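Here are my notes on the model you asked me to look over. I have kept them as numbered points so that you can follow along in your viewer.

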Amino acid sequence: MEPGAVALDPPSPQHPRHLIRNPSSQLTVKTPEKIRRFRGIRIQNSIIEQRAWKENQINMNSSSCAIVSFLLLFIGCSARRLYPLPSENESTKKPLQTFRPFNVAHRGSNGELPEETGPAYLRAIEEGTDFIETDILASKDGVLMCHHDVTLDDTTDIAEHKEFTDRVKTYEVEGENKTGLFIFDFTFKELKTLRAKQRLSFRDPQYNGKFPIITFEEYIQIAINATRVVGIYPEIKNPVLMNQHVKWPKGKKFEDVFVEILKKYGYKGSYLSKDWLKQPCFIQSFAPSSLVHIHNQTDLPKIFLIDDVDVTTQDTNQTYAEITSDHYFNYIKDYVVGIGPWKDTIVPVKDNYLQTPTDLVTRAHTHNLQVHPYTFRNENQYLHFNFCEDPYMEFDYWINTIGVDGLFTDFTGSLHHYQEWTSQSPGKVDATKLLQNISKMIRKFELSIRK
């Protein structure tokens, strides 16, 4: 204590001991009575000031806590939960993203699991796909099945079923004779005895023979029962062949039954309509006549698939040049919202190097048509030299240079990771920036209280 200072017990936080001075101040003490009187007054004032300071701190802390609590509540409400609570219904599901190109799981996550099986679709959903894609064919008794090939030889264990060896037949498929075990020569019950296997030998074979072929309806239920909104992307596959070899009831066609099943499960609505966003669906086909046929049966958006430059359409026998002309785009845009070309027809390839891109995407966009090319695969044998064995470089090229609107991929998890890292949702909260803003707001509030 400095000489001459008067010690007050306890000191006021607003007035430290060294500020109360004697003899130079006006508070000079000359008699014991004056000391007692002065000290009583100062102690009383000190207590009052101390109480006021404490109340101020309490109010400031309460207000700060209120701000923090509110902002933390905001963070909690804004954060993305992976799964809804069991009590939440479908109206609270995380909606389909529409701010970046669609991630389409080509036959499910078939880079990891046998194609078009339940686990392949569940895996794709887990990995973040926007749409699960499938090919629809029919059994002998008219049950719609998820299977890519019209034959069962390459992707099932049918070779192990000796009871079916006498079913091998030869049919004309898209202008060429094909021999094998055809899906439409087997009943639904018989098809359910088969198990799927990987098409490509260099992909993981451990799940071969474990999963059954699924029906169109089972596939739909997988999407509907997902914990977030997941779209479906079914193809009307080989409709000419299905209508030739399957007897449909009441004069119906393959395409009619296809649409009836979609309606049964509530799929309806034009692109981005309220109904469509609730249960998103693109209908795809290489057969333009099928897309035209169902035009008045459903307003669901449709995608016209386009094969290689030397392949004609299976139903109308039109050339690639014809169906990619401005004249044809002007016609087909009344029936479809987009096209799905093989990616090497958009950007030609020579000696495994990309060549100058065509104007297909630009012209399609001019006609208000989306472009969803196929198929993106991670393996080196599918990556052109330009991409240095890096699938992320390929994604970047097609999304940011070519400007496509959706991508069919065998590895939906890879595409999802790339998009999450490179394109942030408009409504996504940056937690770090938000906490920094909270800190700034609290400091400003404290300063305003002290003033």
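**Notes on the helices and their surroundings**

1. Let me begin with helix H14. Its buried residues pack against strand E1 (102-105), helix H2 (118-126), helix H13 (391-402) and strand E13 (406-409). Helices (H or I, at least four residues) and strands (E, at least two) are DSSP runs, numbered from the N terminus. H14 itself spans residues 412-422, and its buried residues are Thr412, Gly413, Ser414, Leu415, His416, Tyr418 and Gln419. Buried means under 20% relative accessible area, exposed over 50% and partly exposed in between, with a 1.4 Å probe and protein chains only.

2. A word on the ground rules. This is a predicted model, in which local features need pLDDT of at least 70 and side-chain atom pairs count only at pLDDT 80 or more, while totals for chains, interfaces and linings use all residues. Residues are numbered from 1 along each chain as its sequence is written, and side-chain values use heavy atoms, with hydrogens and water left out.

3. On confidence, pLDDT is the predictor's confidence in each residue, from 0 to 100. The protein averages 85, and 77% of the residues score at least 70. Please treat two stretches with care: over residues 1-43 the pLDDT is below 50, with 38 contacts in the model beyond near neighbours in sequence. Over residues 65-89 the pLDDT is also below 50, and this stretch has 17 such contacts. Contact means heavy atoms within 4.5 Å.

4. For the overall picture, the protein has 15 helices and 13 strands. Of its 451 residues, 44% are buried. Among contacts with a separation of 6 or more, 68% join residues 24 or more positions apart.

5. How do H13 and H14 meet? Their axes come within 10 Å and cross at roughly 65 degrees. Axes are lines fitted to C-alpha atoms, for helices over the stretch in contact, and angles run from 0 to 180 degrees between N-to-C directions. The crossing of H13 and H14 is right-handed (the near helix is turned clockwise from the far one by less than a right angle; anticlockwise would be left-handed). H13 brings Tyr392, Phe395, Asp396, Ile399 and Asn400 to the contact, and H14 brings Ser414, Leu415, His417, Tyr418, Gln419 and Trp421.

6. Ser414 deserves a look of its own. This residue of H14 is buried, with a relative accessible area of 17%. Leaving aside neighbours within four places in sequence, Ser414 is in contact with Asn378, Tyr392 and Phe395.

7. A second helix pair is H4 (residues 216-224) and H6 (residues 254-264), which pack at an angle of about 35 degrees with their axes 11 Å apart. The crossing of H4 and H6 is right-handed. Phe216, Glu217 and Ile220 of H4 meet Phe258, Ile261, Leu262 and Lys264 of H6.

8. H6 is mostly covered, with eight of its 11 residues buried. These are Phe254, Glu255, Asp256, Val257, Phe258, Val259, Ile261 and Leu262. After H6 comes Gly266, whose phi is positive, near 85 degrees.

9. Finally, the cysteines. The structure holds zero disulfides, where a disulfide is a pair of cysteine sulfur atoms within 2.5 Å. Is Cys146 buried or exposed? Cys146 is buried, with a relative accessible area of 1%, whereas Cys388 is exposed, at 56%.
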